[in-house]
Amino acid sequence: PTVDNAPDAAFCPTFATMILRVRTPRWDGVPFILKAGKALEGRRDEIRVQFKDAPGAKFMFPGQHCPRNELVVRLQPEEAVYM
């Protein structure tokens with residue numbers, strides 16, 4: 001790539017995911033998943049916390065898929081907090 005075609009390359013969708021693990025007793029087994037992208041369909045900045053599956057959900061609701069609970073803090077474009 002040269003400087004001449006750099007503006008065209010700036011609109012190429014790019015996405016990356018990274019999984020980090022903290023080696024302390026408190027955070028053992030808790031993955032921190034970072035995702036970032038550019039030139040995607042929408043612009044948003046948010047923090048998502050996914051909780052573990054409910055331990056008795058598959059016995060309470062046999063044959064049904066129970067979605068994982070998630071806490072979302074949206075920073076952009078409209079600030080919000082929801083589960």
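**Strand pairing and salt bridges in a predicted chain**

Modeller: In this predicted model, β3 and β4 are paired in the antiparallel sense, with six bridges between them.

Colleague: Which residue stands opposite E70 in that pairing?

Modeller: Q50 is the residue opposite E70 of β4. The two side chains are also joined by a polar contact of 3.1 Å.

Colleague: Where does β4 run, and which strand is E70 in?

Modeller: β4 covers residues 70–76, and E70 is in that strand.

Colleague: What else does E70 touch, leaving out residues up to four places away in sequence?

Modeller: E70 touches R48, V49, Q50, F51, Y82 and M83. With R48 there is a side-chain polar contact at 2.6 Å. That pair is also a salt bridge, with the closest N and O atoms 2.6 Å apart. E70 is in strand β4 and R48 in strand β3, so the salt bridge ties together parts that are 22 residues apart in sequence.

Colleague: How many salt bridges are there in total?

Modeller: The count is three.

Colleague: OK, what does R48 do besides meeting E70?

Modeller: The R48 side chain also meets that of E46 in a salt bridge, 2.7 Å from N to O.

Colleague: And which other residue does E46 form a salt bridge with?

Modeller: E46 forms a salt bridge with R74, where the closest N and O atoms are 4.0 Å apart. This pair links distant parts of the chain: E46 is in strand β3, residues 45–50, and R74 is in strand β4, 28 residues away.

Colleague: Which residues end up in one network?

Modeller: E46, R48, E70 and R74 are joined into one network by salt bridges that share partners.

Colleague: Why do you call R48 partly exposed?

Modeller: Because its relative accessible area is 41%, and partly exposed covers the range between under 20% for buried and over 50% for exposed.

Colleague: And how accessible are E46 and R74?

Modeller: E46 is partly exposed, with a relative accessible area of 24%. R74 also counts as partly exposed, at 24% relative accessibility.

Colleague: Staying with R74, what is its bridge partner in β5?

Modeller: The partner of R74 in β5 is A80. Strand β5 spans residues 80–82 and runs antiparallel to β4, with three bridges joining them.

Colleague: How many residues are in the hairpin that joins β4 to β5?

Modeller: The hairpin makes the connection through three residues.

Colleague: Changing topic. Where is R43?

Modeller: R43 is in the loop between β2 and β3.

Colleague: Is R43 buried or exposed, and why?

Modeller: Exposed, because its relative accessibility is 63% and the cut-off for exposed is over 50%.

Colleague: What is R43 in contact with, apart from neighbours within four places in sequence?

Modeller: R43 is in contact with Q76 and P77. P77 is 34 residues from R43 along the chain, and their C-alpha atoms are separated by 7.2 Å.

Colleague: Now the surface. Which residues make the nonpolar patch?

Modeller: The nonpolar surface patch consists of M18, L20, V22, W27, V30, F32 and L34, and has an area of about 560 Å².

Colleague: Which strands each supply at least two residues of it?

Modeller: β1, residues 14–21, and β2, residues 31–38, each supply at least two residues of the nonpolar patch.

Colleague: Take M18. Which strand is it in, and why is it partly exposed?

Modeller: M18 is in strand β1. It counts as partly exposed because its relative accessible area is 45%, which falls short of the over 50% needed for exposed.

Colleague: How much area does the chain expose overall?

Modeller: About 8,000 Å², of which carbon and sulfur atoms supply 59%.

Colleague: And what percentage of the residues count as buried?

Modeller: 4% of the chain's 83 residues count as buried.

Colleague: Last topic, the fold. How many helices and strands are there?

Modeller: The chain has two helices and five strands. Along the sequence their pattern is α-β-β-β-α-β-β.

Colleague: Of the contacts with a separation of 6 or more, what share comes from residues 24 or more positions apart?

Modeller: Residues 24 or more positions apart account for 37% of those contacts.

Technical notes. Residues are numbered from 1 along each chain as its sequence is written. This is a predicted model: local features need pLDDT of at least 70, side-chain atom pairs count only at pLDDT 80 or more; totals for chains, interfaces and linings use all residues. Side-chain values use heavy atoms; hydrogens and water are left out. Helices (H or I, at least four residues) and strands (E, at least two) are DSSP runs, numbered from the N terminus. A polar contact is a pair of N or O atoms within 3.5 Å; within protein, one must be able to donate a hydrogen and the other to accept it, and residues adjacent in sequence count only if both atoms are side-chain atoms. Contact means heavy atoms within 4.5 Å. Patches are made of residues with over 30% relative accessible area and no salt bridge: like charges are joined within 9 Å, nonpolar side chains (Val, Leu, Ile, Met, Phe, Trp, Tyr) within 5 Å. Accessible areas come from the Shrake-Rupley method with a 1.4 Å probe; for residues, only the protein chains shown count as cover. Buried means under 20% relative accessible area, exposed over 50%, partly exposed in between (1.4 Å probe, protein chains only). Two strands pair if DSSP finds at least two bridges between them.
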